[in-house]
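Please open the model in a viewer and display the backbone as a cartoon, with side chains available on request. The tour below proceeds by selection, each stop stating what to pick and what is found there.

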Amino acid sequence: MAENNKEKKQGSPEFRMQKMYIKDLSFENPNAPEIYMTQSEKAPEVDVNLQLNHKQVNEDHYEVCLEITAKIVNKELEKTLFILELEHAAVFMLKNIPEEHLKMVLAVDCPTLLFPFTRQIASQVSVDGGFVPFLMEPINFMGLYQNSLKKQEKEGKSN
């Protein structure tokens, strides 16, 4: 009964995306228009880096930002097709989330909601740049989070 009263006083957990936005976007097409006139037998090499950042904005709001850098290179011609840099973020309202669950919500649930929109922006920008849609593979944020926890455990044991 005491736990029930505590839950009522605290309120039930709330989790909502409040606002989504592009913080930074850069598309470089360094070899245009010549790159459009060349033919290649091989698929281009794709190098994608993803970084996830989050920060508390106020008591109940957090910004979660996906930073993606993609460099697409035609190795056969030794030419860069394009370079895409994107910082796509959202503000999430996280109210009454237990402290022990907060890190996982920020590292898994928030980016899982944000990523499909980030992927769509990257795809559309590559099309607008004159290329086929750049479709990033889906990301398993839970797997990344679990790997991060294992890495932290190993580092803690070795210290």
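Through how many residues does a hairpin join S2 to S3? The model is a predicted one, and in it the hairpin from S2 to S3 passes through two residues.

**Confidence**

Colour the chain by pLDDT before going further. The mean over the chain is 91, and 92% of the residues reach 70 or more. Residues 4-8 fall below 50, and this stretch has one contact in the model beyond near neighbours in sequence.

**The strands**

Select S2 (residues 45-58) together with S3 (residues 61-74). These two strands run antiparallel and are joined by 13 bridges. One place to inspect is Val-46, whose bridge partner in S3 is Ile-72. Ile-72 in turn leads across to S4, where its bridge partner is Phe-82. S3 is mostly covered, with 11 of its 14 residues buried.

Add S4 (residues 79-95) to the selection. S3 and S4 pair in the antiparallel sense over 14 bridges, and the two strands form a hairpin with four residues between them. Within that turn, select Glu-78, which has a positive phi of about 55°. Most residues other than glycine have a negative phi. Glu-78 is also exposed, at a relative accessible area of 69%.

Next, add S1 (residues 14-28). S1 pairs with S4 in the antiparallel sense over 13 bridges. S4 therefore has bridges to S1 as well as to S3, and under the cut-off of 20% relative accessible area, 13 of the 17 residues of S4 are buried.

**Ile-83, a residue of S4**

Centre the view on Ile-83, which is placed in strand S4. Which residues are bridge partners of Ile-83? Glu-28 has Ile-83 as its bridge partner in S4, and Lys-71 likewise has Ile-83 as its partner there. Leaving aside neighbours within four places in sequence, Ile-83 is in contact with Ser-26, Phe-27, Glu-28, Ala-70 and Lys-71. Is Ile-83 buried or exposed? At 17% relative accessibility, Ile-83 counts as buried, because the cut-off for that class is 20%. For a sense of scale, draw a distance from Ile-83 to Gln-146: the C-alpha atoms are 30 Å apart in space, and the residues are 63 apart in sequence.

**The aromatic cluster**

Show the side chains of Phe-27, Tyr-36, Phe-82, Phe-131 and Phe-134, which ring pairs link into a cluster. The count of aromatic pairs comes to seven. One of them is the pair of Phe-27 and Phe-131, which is tilted, with 6.5 Å from centre to centre and 50° between the planes. Phe-27 belongs to strand S1 and Phe-131 to the loop between helix H2 and helix H3, so this pair ties together parts that are 104 residues apart in sequence. The two rings fall into separate accessibility classes by the 20% cut-off: Phe-27 is partly exposed at 25%, whereas Phe-131 counts as buried at 14%.

**The loop after S1**

Move to the loop between S1 and S2, where Pro-33 is found. The bond to select is the one joining Ala-32 and Pro-33, a cis peptide bond with omega about 0°. Most peptide bonds are trans.

**From S4 into H2**

Follow the chain out of S4 to Asn-96, in the loop between S4 and H2. What is the sign of phi at Asn-96, positive or negative? The phi of Asn-96 is positive, near 60°, in a residue other than glycine. Asn-96 is partly exposed, with a relative accessible area of 25%.

Now select H2 (residues 99-128). This helix has 30 residues and reaches 43 Å from its first C-alpha to its last, close to the 44 Å expected at 1.5 Å a residue. Where is the kink in H2 centred? It is centred on Val-105, with an angle of about 50°. After H2 comes Gly-130, whose phi is positive, near 100°.

To end the tour, continue to Phe-131, in the loop between H2 and H3, and return from there to its tilted ring pair with Phe-27.

Conventions: Residues numbered from 1 in each chain as written. Predicted model: local features only at pLDDT ≥ 70, side-chain atom pairs only at ≥ 80, totals over all residues. Heavy atoms only, no water. Phe/Tyr/Trp six-rings, centres within 6.5 Å; stacked < 30°, edge-to-face > 60°. Buried < 20%, exposed > 50% of the residue type's maximum accessible area, 1.4 Å probe, protein only. Expected span 1.5 Å × (residues − 1). Bend = angle between axes of the 7 residues up to and from the residue. Pairing = 2+ DSSP bridges. pLDDT = per-residue confidence, 0-100. Contact = heavy atoms within 4.5 Å.
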